[in-house]
Amino acid sequence: RWCLVVAIAALGVKTSFQQLAALGWRPVAMLAVNTVFLAALIMGGLLWMR
């Protein structure tokens, strides 16, 4: 588990927000939608397991 957490954190550290912003608003919006979807999925799973 910790290796997966470290790998995901390493990807986040290497993210360049200037390059991401240069691509336009659509990739940024997709990133935001994806983040919200994953958070809702995880929260739903945690609440369901209670």
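**Notes on a three-helix model**

1. Going along the sequence, the chain reads α-α-α. That amounts to 3 helices and 0 strands. Keep in mind that this is a predicted model.

2. On overall shape: the radius of gyration is 14 Å, well over the 10 Å that the globule rule gives for 50 residues, so the chain is more spread out than a compact globule. The C-alpha trace spans about 45 × 25 × 10 Å along its principal axes.

3. How much of the chain counts as buried? Just 2% of the 50 residues, taking buried as under 20% relative accessible area. The accessible surface comes to about 5,000 Å², and carbon and sulfur atoms account for 76% of that.

4. Helix 3 takes in residues 25-49, F37 among them. F37 also helps make a nonpolar surface patch, together with L38 and L41. The patch covers about 300 Å².

5. Now for the record: UniProt has an unreviewed entry whose "transmembrane region" annotation covers residues 28-49. Such annotations may be inferred rather than shown by experiment, so I'd quote this one as the record's wording. In the model, what is the secondary structure over residues 28-49? The stretch is 100% helix and 0% strand, and its end C-alpha atoms lie 32 Å apart.

Technical notes
Residues numbered from 1 in each chain as written. Predicted model: local features only at pLDDT ≥ 70, side-chain atom pairs only at ≥ 80, totals over all residues. Heavy atoms only, no water. Patch = residues over 30% accessible without salt bridge, like charges linked within 9 Å, V, L, I, M, F, W, Y side chains within 5 Å. Areas by Shrake-Rupley, 256 points an atom, 1.4 Å probe, with all protein chains shown as cover. Salt bridge = Lys/Arg side-chain N within 4 Å of Asp/Glu carboxyl O. Helix = DSSP H or I, 4+ residues; strand = E, 2+ residues; numbered from the N terminus. Rg over C-alpha atoms; globule rule 2.2 N^0.38 Å. Buried < 20%, exposed > 50% of the residue type's maximum accessible area, 1.4 Å probe, protein only.
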